[in-house]
Amino acid sequence: MKKNKNSLAVRRQREVNKVAAVFLAPVILVLVVYIFYPIVNTFQISTLDWNGISADSTFIGLDNWIELLHDKAFWTAFLNNIKVMLLSILIQIPLGLAMATFVEFAGKKSTIFKILWFIPQLMSSVAVGFLFTYALATNGGIISSISQLLGGGLVDLLGNPDTALYTVIGVIAWQFTPFYMVYCVASYTNISEDVYEASLVDGATKGQYFWKIALPLLKPSLKSAAILSMVGSLKYFDLIYVMTGGGPGTSTELMATYMYKESFANFNMGYGSAVAGGMFILITLISLITMRILNGKED
Amino acid sequence: MKKTKIKSRISWAIAIILAVAGLIIAIVPFIFMILNSFKDKFEMLTNGIFALPEEWSLANYKTVLEANFPRYFLNSVVVLVISLTILLFIAACASYPLSRMKFKGNGFIYSVIVACMAIPVHITLIPIFRMSQAMHVYDTIWALIGPYVAIGVPISVFILTSFMKSIPKEIEEAAEIDGCSRFKMFFKIMLPMAKPGLSTLAIYNGVTMWNEYIFAYTLTQSADSRTLPLAVWDFRGQYSMDIPMIMAVLTLTALPMIILFIFAQDKLIKGMTAGAVKG
């Protein structure tokens with residue numbers, strides 16, 4: 001009797017396995033073809049000297065990787081990525097939190113603020129990049145026009161290597177701060193109404209409520225926001241490529257724009273693949289370390 | 001008591017001033033774009049960028065719409081509809097066993113799929129570029145569908161699996177007693193019940209695909225097979241000195257999102273933050 005039951009269970013399990021395999025097959029196929037195989041293939045191509053067009057390529061072993069380690073342009077790009085990452089986290093999340101807090105405290109009356117603040121998120125990064133190329137132009141740009149109105153001269157923010165990166169970081173903040181606002185608004189709704197009311201009954205001011213009660217409760221979601229912003233900043237491409245193309249010089253070059261240029265403008269597919277591989281390794285390492293640190297603190 | 005009241009009044013005043021400042025920063029570039037899109041090429045520079053247009057001329061819009069713009073738009077729509085349909089269907093398929101069935105490797109497969117969320121997709125660009133050539137789809141909109149589906153898979157499976165886990169099991173158990181097969185159960189029960197999750201994901205992935213740039217830029221070349229984010233790029237090549245014309249292209253590009261925002265604001269915001277707030 002027991003044996004029978006067992007074999008029935010075994011048969012059922014086999015049936016479940018089969019059904020699960022059928023349901024999972026398409027997703028696994030797509031991931032293998034478009035994610036896993038390309039990752040392996042990128043590392044393979046990185047051992048070649050190949051222009052991406054001609055049929056013949058030469059195997060050069062780790063030469064591309066050795067070159068990458070000594071490539072100043074790549075490490076400049078990496079440092080720029082780190083700057084974008086840190087400033088994005090430090091600007092966008094506190095601002096987004098401040099805006100969300102305003103919306104939370106002001107109640108229904110502030111809906112109009114929430115709606116209009118969200119507008120920058122409605123444009124794609126490419127469109128934002130183009131818009132600001134003109135909006136920040138030396139001639140006929142917004143900043144220049146305001147400066148002239150106030151009696152100043154023309155302002156060239158994007159053409160100056162000292163200001164270009166910070167200008168771009170500002171534009172990125174313009175686009176993404178609204179995202180962190182709605183993110184924080186959503187996090188606020190997770191704090192129960194009772195907590196807020198109880199603290200007011202106990203005589204807490206709104207400021208005290210924010211610093212002593214809301215902020216500690218929001219901490220986990222702010223952490224995930226930071227991780228989100230970090231991963232996003234490290235692979236940033238569209239907006240910078242459109243606005244500055246990495247220039248002037250290498251002042252706004254990022255890992256992704258550098259990879260793109262090496263592969264598709266200079267036709268160094270082999271070296272471009274090494275850059276892509278290096279980027280992959282660095283981003284994975286940084287993500288792992290940050291998650292370790294953030295999760296470690298929790299205990 | 002009085003002192004704190006005055007203090008809170010002052011802080012409110014400061015908060016409102018800052019809020020208004022933020023509002024101005026958020027919308028001035030938008031106004032710049034829309035205002036200037038109605039102007040003539042030279043009018044913008046002679047009259048100043050914030051002057052109202054001498055006449056609200058639709059000439060720029062007409063030129064853009066009579067050029068290749070509708071083609072870019074159509075390409076974007078076709079790519080979006082096909083990729084999104086495939087993506088949501090296969091993601092729902094995968095999430096069903098991951099959320100409901102016990103089998104060896106369930107946890108492992110799930111974590112591998114979810115881990116893909118952190119992968120910078122750029123690393124796949126060169127091999128996918130080669131693949132598109134080998135498959136003879138390079139420079140057609142079909143080249144974009146595979147990568148767009150793949151980019152959306154990890155987050156979609158992540159969200160749908162947790163969504164399906166939250167659907168009560170009783171209905172399925174009853175259906176199972178009635179002799180309903182697993183496949184029937186998926187199509188008749190799970191898929192309809194997962195609709196709210198699917199609609200959130202449709203918006204999230206739809207916005208991502210609609211705005212996607214680097215793959216579209218790399219895998220297509222001719223104007224006939226390019227999508228909307230590249231329209232601006234190509235128009236700039238033609239009208240590099242005609243800033244109002246480019247502003248008209250930008251406004252038209254942003255228009256679908258603006259319309260969606262006006263009519264389905266809550267859904268759009270919920271969808272766009274789906275990746276962060278888990279559905």
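Select Tyr260(A) to start. It sits in helix α11 of chain A, which spans residues 255-265. Keep in mind throughout that this is a predicted model.

**Stop 1: Tyr260(A) and its surroundings**

Show the surface around Tyr260(A). Is this residue buried or exposed? Tyr260(A) is buried, because its relative accessible area is 6% and the cut-off for buried is under 20%.

Now display what touches Tyr260(A), skipping neighbours within four places in sequence. From chain A, the contacts are Phe237(A), Tyr241(A) and Ala265(A). From chain B, they are Leu125(B), Ile214(B), Tyr217(B) and Thr218(B). So select both chains to see the full set of contacts around Tyr260(A).

Next, draw a distance from the C-alpha of Tyr260(A) to that of Pro220(A). The two residues are 40 apart along the chain, and their C-alpha atoms are separated by 35 Å.

**Stop 2: along the loops beside α11(A)**

Go to the loop between α10 (238-243) and α11 of chain A, where Pro248(A) is found. Select Gly247(A) along with Pro248(A). The peptide bond joining them is cis, with omega about -5°. Most peptide bonds are trans, and most residues other than glycine have a negative phi.

Then move to the loop between α11 and α12 (269-298) of chain A and pick Phe267(A). What is its phi? The angle is near 50°, a positive value in a residue other than glycine. Phe267(A) counts as partly exposed, because its relative accessibility is 38% and that class lies between 20% and 50%.

Chain B has a positive phi to visit as well. Select Asp139(B), in the loop between α6 (125-134) and α7 (142-165) of chain B. Its phi is near 65°, and the residue is not a glycine.

**Stop 3: a helix pair in chain A**

Select residues 72-106 and 111-118 of chain A, which are helices α3 and α4. Their axes come within 9 Å and cross at roughly 155°. The two helices are therefore roughly antiparallel to each other.

Show side chains at the contact. Helix α3(A) supplies Met99(A), Phe102(A) and Val103(A). Helix α4(A) supplies Phe113(A), Lys114(A) and Trp117(A). Of the contact residues, 5 are nonpolar, none is polar and 1 is charged.

**Stop 4: helix α12 of chain B**

Select residues 228-238 of chain B, which form helix α12. Which of its residues are buried? They are Leu228(B), Pro229(B), Leu230(B), Ala231(B), Val232(B), Asp234(B) and Phe235(B).

Now look at the cover over those buried residues. Chain A contributes α5 (125-135). Chain B's part includes α3 (59-66), α4 (69-100), α10 (195-211), α11 (214-219) and α13 (243-263).

**Stop 5: chain A as a whole**

Zoom out and colour chain A by secondary structure. How many helices and strands does it have? There are 12 helices and 2 strands. Along the sequence, the pattern opens α-β-β and then continues with helices. The radius of gyration is 25 Å, well over the 19 Å that the globule rule gives for 299 residues, so chain A is more spread out than a compact globule.

Along the principal axes, its C-alpha atoms fill a box of roughly 75 × 65 × 35 Å. Of the 299 residues, 52% count as buried. Switch on the accessible surface of chain A: about 14,400 Å², with 65% belonging to carbon and sulfur atoms. Finally, among chain A contacts with a separation of 6 or more, 66% join residues 24 or more positions apart.

Technical notes. Residues numbered from 1 in each chain as written. Chains lettered and ligands numbered in written order. Predicted model: local features only at pLDDT ≥ 70, side-chain atom pairs only at ≥ 80, totals over all residues. Heavy atoms only, no water. Helix = DSSP H or I, 4+ residues; strand = E, 2+ residues; numbered from the N terminus. Buried < 20%, exposed > 50% of the residue type's maximum accessible area, 1.4 Å probe, protein only. Contact = heavy atoms within 4.5 Å. Axes fitted to C-alpha atoms, helices over the stretch in contact; angles between N-to-C directions. Parallel < 35°, antiparallel > 145°, perpendicular 65-115°, else oblique. Nonpolar A, V, L, I, M, F, W, Y, C, P; charged D, E, K, R; others polar. Rg over C-alpha atoms; globule rule 2.2 N^0.38 Å. Areas by Shrake-Rupley, 256 points an atom, 1.4 Å probe, with all protein chains shown as cover.
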